[in-house]
Amino acid sequence: MSSIPLSVFLVLALILFCIGLYGALTKRNTVIVLISIELMLNAVNINLVAFSKYGINPGITGQVFTLFTIAVAAAEAAVGLAILIALYRNRQTVNIDEMDRLKR
């Protein structure tokens with residue numbers, strides 16, 4: 001057993017999730033918003049791994065879910081950056097307020 005209690009992992013995940021939520025809701029730069037979403041997904045990953053280790057039935061299930069989440073996050077980042085690059089080529093800005101229309 002590890003000497004680090006479960007509450008430390010939960011507090012770390014909470015802090016990461018709050019930072020990500022703040023960035024996603026307040027920033028206008030789309031790159032920062034994408035990074036903030038990744039921070040929130042990493043907070044979820046920390047919780048999944050911590051609960052798989054310290055849960056009622058410790059096992060590998062949480063770690064498998066974490067790998068699935070990392071794969072989904074990588075796909076989301078690739079699609080998000082591709083959309084952002086396409087929008088930047090058309091509008092010459094990364095400000096999220098100016099990206100309210102799909103076609104002008």
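**View A. A nonpolar patch on the surface of the predicted model.** In this predicted model, Phe-17, Leu-21, Leu-25 and Val-44 make up a nonpolar patch on the surface. Together, these residues present about 330 Å² of accessible area. The greatest contribution comes from helix α1, residues 6-26, which supplies three residues to the patch. Leu-25, one of the patch residues, belongs to helix α1. Leu-25 has a relative accessible area of 60% and is therefore exposed.

**View B. The aromatic pair of Phe-9 and Tyr-54.** One aromatic pair is found when the whole structure is searched. Its ring centres, those of Phe-9 and Tyr-54, are 5.9 Å apart, and the ring planes meet at 40°, so the pair is classed as tilted. Phe-9 is in helix α1, whereas Tyr-54 is in helix α2, residues 30-54; the pair therefore ties together parts of the chain that are 45 residues apart in sequence. The two partners fall into separate accessibility classes: Phe-9 is partly exposed, at a relative accessible area of 26%, while Tyr-54 is buried, at 18%. The limit for a buried residue is under 20% relative accessible area, so Tyr-54 at 18% falls within that class.

**View C. Leu-12 of helix α1 and Ile-46.** Leu-12 is located in helix α1. Its relative accessibility of 43% places Leu-12 among the partly exposed residues. In sequence, Leu-12 and Ile-46 are separated by 34 residues. In space, the C-alpha atoms of Leu-12 and Ile-46 lie 8.2 Å apart.

**View D. Thr-69 and Asn-45 in contact between helices α3 and α2.** Thr-69 is part of helix α3, and Asn-45 is part of helix α2. Both residues are buried: Thr-69 has a relative accessibility of 15%, and Asn-45 has a relative accessible area of 7%. With residues up to four places away in sequence left out, Thr-69 touches Leu-41, Asn-45 and Leu-48. On the same basis, which again leaves out residues up to four places away in sequence, the contacts of Asn-45 are Thr-66, Thr-69 and Ile-70. Thr-69 thus appears among the contacts of Asn-45, and Asn-45 among those of Thr-69. Along the chain, Asn-45 and Ile-35 are ten residues apart, and their C-alpha atoms are separated by 15 Å.

**View E. Segments annotated as "transmembrane region" in UniProt.** The unreviewed UniProt entry places this feature at residues 6-25, 32-52 and 64-88. Over residues 6-25, the model is 100% helix and 0% strand, with 28 Å between the end C-alpha atoms. Residues 64-88 are likewise 100% helix and 0% strand. The end C-alpha atoms of residues 64-88 are 36 Å apart.

**View F. Gln-92, a residue with positive phi in the segment after helix α3.** Gln-92 is placed in the segment that follows α3, residues 61-91. The phi angle of Gln-92 is near 60°, which is a positive value in a residue other than glycine. At 54% relative accessibility, Gln-92 counts as exposed.

Note on methods:
Residues numbered from 1 in each chain as written. Predicted model: local features only at pLDDT ≥ 70, side-chain atom pairs only at ≥ 80, totals over all residues. Heavy atoms only, no water. Patch = residues over 30% accessible without salt bridge, like charges linked within 9 Å, V, L, I, M, F, W, Y side chains within 5 Å. Areas by Shrake-Rupley, 256 points an atom, 1.4 Å probe, with all protein chains shown as cover. Salt bridge = Lys/Arg side-chain N within 4 Å of Asp/Glu carboxyl O. Helix = DSSP H or I, 4+ residues; strand = E, 2+ residues; numbered from the N terminus. Buried < 20%, exposed > 50% of the residue type's maximum accessible area, 1.4 Å probe, protein only. Phe/Tyr/Trp six-rings, centres within 6.5 Å; stacked < 30°, edge-to-face > 60°. UniProt positions renumbered as here; feature names shortened; annotations may be inferred. Contact = heavy atoms within 4.5 Å.
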